[in-house]
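Student: I have a protein model open and do not know how to read it. Can you take me through the features one at a time?

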Amino acid sequence: MLDHFAKLGVDPATFSGGRLGDKLGIRIVEASGDRVVGTMPVDGNQQPYGLLHGGASAALAETLGSVGAMLHAGPGRYAVGVDLNATHHRSATSGLVTGVATAVFKGRTAATYEIAITDDTGKRVTSCRLTCMLRDL
């Protein structure tokens with residue numbers, strides 16, 4: 001799949017969130033149209049009080065859901081996030097957070113994913129929902 005997108009001129013780095021994903025340290029560890037798993041360090045992604053920044057959590061969620069939607073859309077198509085909802089339940093101050101994006105709707109023109117972000121102890125930090133529009137390249 002990576003080779004196919006590279007031949008179309010789509011940078012395979014988008015599978016880790018592109019340049020923003022690189023800056024945030026996002027790493028994809030599992031990816032399919034049904035489920036995407038990725039990690040992100042807390043260190044370097046904190047707000048002034050030392051807590052994981054909510055925007056970093058949102059960026060992780062949108063990255064994971066978008067990768068899933070792109071894989072669901074298939075060759076010759078791409079995904080564009082059109083709605084993101086995030087609820088922050090607790091803070092994380094160190095270690096890695098892990099996001100798991102699970103498909104809840106996979107249609108022809110849209111896909112929706114639920115994303116659970118947990119800390120190193122498995123406690124939920126953030127719950128998100130992302131809907132992507134699926135477009136032709």
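Tutor: Let us begin with a turn. Strand 5 and strand 6 form a hairpin, with five residues between them. Gly122 sits in that turn and has a positive phi of about 90 degrees. Keep in mind that this is a predicted model.

Student: How many bridges join strand 5 to strand 6, and in which sense do they run?

Tutor: Nine bridges join the two, and they run antiparallel. Strand 6 covers residues 124–136.

Student: What does strand 5 do on the side of strand 4?

Tutor: Strand 4, residues 96–106, pairs with strand 5, residues 110–118. The sense is again antiparallel, over eight bridges. These two strands also form a hairpin, with three residues between them.

Student: Which residues can I click on to follow the pairing?

Tutor: Start at Ala103, whose bridge partner in strand 5 is Tyr113. Then go on from Tyr113, whose bridge partner in strand 6 is Leu130.

Student: Now step back. How many helices and strands does the protein have?

Tutor: Three helices and six strands. From the N terminus on, the order is α-α-β-β-α-β-β-β-β.

Student: What do sequence distances tell me about the contacts?

Tutor: They show which parts of the chain meet. Take contacts between residues at least 6 apart in sequence. Of these, 64% join residues at least 24 apart. For one pair, try Val100 and Leu60: they are 40 residues apart in sequence. Their C-alpha atoms are 9.8 Å apart in space.

Student: Next, the inside. Where do nonpolar side chains tend to be in soluble globular proteins?

Tutor: They tend to be buried together. In this model, the largest nonpolar core has 29 residues. Met40, Leu52, Leu60, Ala69, Val97 and Ile115 touch the most other members. Two or more residues each come from strand 2 (35–41), helix 3 (54–73), strand 4, strand 5 and strand 6. Helix 3 gives the largest share, ten residues.

Student: Which residues does Ile115 touch, leaving aside its neighbours within four places in sequence?

Tutor: Ala61 and Leu64 are among them. So are Val100 and Ala101. The rest of the list is Thr126, Ser127, Cys128 and Leu130.

Student: How much of the whole protein counts as buried?

Tutor: Of its 137 residues, 42%. The protein exposes about 7000 Å², and carbon and sulfur atoms supply 51% of that area.

Student: How do I judge a single residue? Is Thr39 buried or exposed?

Tutor: Compare its relative accessible area with the cut-off. Buried means under 20%. Thr39 has 16%, so Thr39 is buried. Thr39 lies in strand 2. Now list its contacts, not counting residues up to four places away in sequence: Gly25, Ile26, Arg27, Leu60, Leu96, Val97 and Thr98. Thr39 and Ile26 are 13 residues apart in sequence, yet 5.6 Å apart in space, C-alpha to C-alpha.

Student: Why does Val100 count as partly exposed?

Tutor: Partly exposed runs between the 20% cut-off for buried and the 50% cut-off for exposed. Val100 has a relative accessible area of 22%, so Val100 is partly exposed. Val100 lies in strand 4. Leaving aside neighbours within four places, Val100 is in contact with Arg35, Val36, Val37, Leu64, Glu114, Ile115 and Ala116.

Student: And Thr131, buried or exposed?

Tutor: Buried, because its relative accessible area is 19%. Thr131 is found in strand 6. Beyond its neighbours within four places, Thr131 is in contact with Val80, Gly81, Val82, Asp83, Ala111 and Thr112.

Student: Last, the surface. Which residues make the nonpolar surface patch?

Tutor: Tyr78, Val80, Val82, Met133 and Leu137 make a patch of about 400 Å². Strand 3, residues 77–88, gives the largest share, three residues.

Student: How does Val80 count by accessibility?

Tutor: Val80 lies in strand 3. Its relative accessibility is 31%, so Val80 counts as partly exposed. Val80 is also one of the contacts of Thr131.

Conventions. Residues are numbered from 1 along each chain as its sequence is written. This is a predicted model: local features need pLDDT of at least 70, side-chain atom pairs count only at pLDDT 80 or more; totals for chains, interfaces and linings use all residues. Side-chain values use heavy atoms; hydrogens and water are left out. Helices (H or I, at least four residues) and strands (E, at least two) are DSSP runs, numbered from the N terminus. Buried means under 20% relative accessible area, exposed over 50%, partly exposed in between (1.4 Å probe, protein chains only). Contact means heavy atoms within 4.5 Å. Accessible areas come from the Shrake-Rupley method with a 1.4 Å probe; for residues, only the protein chains shown count as cover. Two strands pair if DSSP finds at least two bridges between them. A nonpolar core is a set of buried Ala, Val, Leu, Ile, Met, Phe, Trp, Tyr and Cys residues joined through side-chain atoms within 4.5 Å. Patches are made of residues with over 30% relative accessible area and no salt bridge: like charges are joined within 9 Å, nonpolar side chains (Val, Leu, Ile, Met, Phe, Trp, Tyr) within 5 Å. A salt bridge is a side-chain nitrogen of Lys or Arg within 4 Å of a carboxyl oxygen of Asp or Glu.
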